[in-house]
Amino acid sequence: MALFHVGFISYTLMREVDMNVIVPTCTIPESMGMNGEAPTHKHKAPFPVLYLLHGFGNNYSVWGRYTNVERYAEERQIVVVMISGENKSYRNQEASGNLIGGGDRHFDFLAKEVPEFIQANFPVSDRPEDTYIAGLSMGSMGSLLHSLTNPENFCAVGSFSGPLIRMDLDRSKEYTIEELKENISPEVVELIKKGKAEGKKFPKYYISTGLKDGPDRAKAFAEYLSENGIEVTTNFEKNYGHEWRCWEENIEEFLDWLPRTDAYAGSMRQI
């Protein structure tokens, strides 16, 4: 397996940035010929790619430190790209007077520059059918924002423990599913309306949260997507709160769920 720690100059953020990139490579069993083939570093086809977003307070390294995502990706032969969102919610920021060129454009960075850099430097597919985005908490909202703004760029989306309802909603009060559906983030509502009006095809969604982490909000959100003609798979059965034990299971299950059509689909390598 290969884990690349990349530092490069971002022309969008105008500074050096870090990312981790997991790339499937020759395994020990394969190096010993245990798969019946001669070892090689050549790839039979470009790999599918997952852009995996972290939550508030974290950075590009945290998914690799708190989960087994590197092994999961190696087994399933998929590239995983992990950037730092810097608590900016993967959005463009308002311009500040002390920044040349205005505020940090984190939306533009993830939407355009990161895929461009990855496709230029790693053996990944540029097909939307082979492109996925997912995240936890703040990263969940980032994955929703990017996939609903540019649905044509993604095949499937993962939302793990996301704040899917309006943030100003009184969390001490109990709401029905119908009441929660009336309080979906207005931004999300507008993006779905816009996409439908333009006749865009939305990717498939995987929505999951723990039983101790407000599952009714996630259920309401999933129902809202389904009612708008968007295909949704849900998992609200885990007895967890807002924690890494939940997301460790989420990421493996999400990788197994992905509707893949690439040259490596259905494979499970021995590591």
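**Exercise 1. Work out how helices H5 and H7 are oriented to each other.**

Step 1. Find the two helices: H5 covers residues 138-149 and H7 covers residues 186-197. Helices here are DSSP runs of H or I with at least four residues, strands are E runs of at least two, and both are numbered from the N terminus. This is a predicted model, in which local features need pLDDT of at least 70 and side-chain atom pairs count only at pLDDT 80 or more, while totals for chains, interfaces and linings use all residues. Residues are numbered from 1 along each chain as its sequence is written, and side-chain values use heavy atoms, with hydrogens and water left out.

Step 2. Take the geometry: the angle is about 25 degrees, and the axes lie 9 Å apart. Axes are lines fitted to C-alpha atoms, for helices over the stretch in contact, and angles run from 0 to 180 degrees between N-to-C directions.

Step 3. Classify the angle. H5 and H7 are therefore roughly parallel to each other (under 35 degrees; over 145 is roughly antiparallel, 65 to 115 roughly perpendicular and the rest oblique).

Step 4. List the partners. On the H5 side, Met141, Leu145, Leu148 and Thr149 meet Glu187, Val188, Leu191 and Ile192 of H7 (contact means heavy atoms within 4.5 Å). By class, this contact has six nonpolar, one polar and one charged residues (Ala, Val, Leu, Ile, Met, Phe, Trp, Tyr, Cys and Pro are nonpolar; Asp, Glu, Lys and Arg are charged; the others, Gly among them, are polar).

**Exercise 2. Repeat the analysis for H3 and H9.**

Step 1. H3 (residues 69-76) and H9 (residues 244-257) have axes that come within 10 Å and cross at roughly 10 degrees.

Step 2. This pair is therefore roughly parallel as well.

Step 3. H3 contributes Val69, Tyr72, Ala73 and Arg76, while H9 contributes Glu248, Ile251, Glu252, Leu255 and Asp256. The tally for this contact is five nonpolar, no polar and four charged residues.

**Exercise 3. Locate the bend in H4 and describe the buried side of this helix.**

Step 1. H4 spans residues 106-121 and bends by about 35 degrees at Glu113 (the angle between axes fitted to the seven residues ending there and the seven starting there). A proline, Pro115, follows within four residues.

Step 2. Pick out the buried residues of H4, among them Phe107, Leu110, Glu113, Pro115 and Phe117 (buried means under 20% relative accessible area, exposed over 50%, partly exposed in between, with a 1.4 Å probe and protein chains only).

Step 3. See what they pack against: strands S1, S2, S3, S4 and S5, and also H5.

**Exercise 4. Which residues does Ser159 touch?**

Step 1. Place Ser159 in strand S6, residues 156-160.

Step 2. Its relative accessibility is 0%, so Ser159 counts as buried.

Step 3. Leaving out residues up to four places away in sequence, Ser159 touches Gly135, Ser140, Leu144, Leu164, Tyr206, Ile207 and Ser208.

**Exercise 5. Compare the backbone and exposure of Met14 and Glu86.**

Step 1. Recall the background: most residues other than glycine have a negative phi.

Step 2. Met14 has a positive phi, near 60 degrees, and sits in the loop between S1 and S2. Glu86 also has a positive phi, about 55 degrees, in the loop between S4 and H4.

Step 3. Met14 counts as partly exposed at 48% relative accessibility, and Glu86 is partly exposed at 31%.
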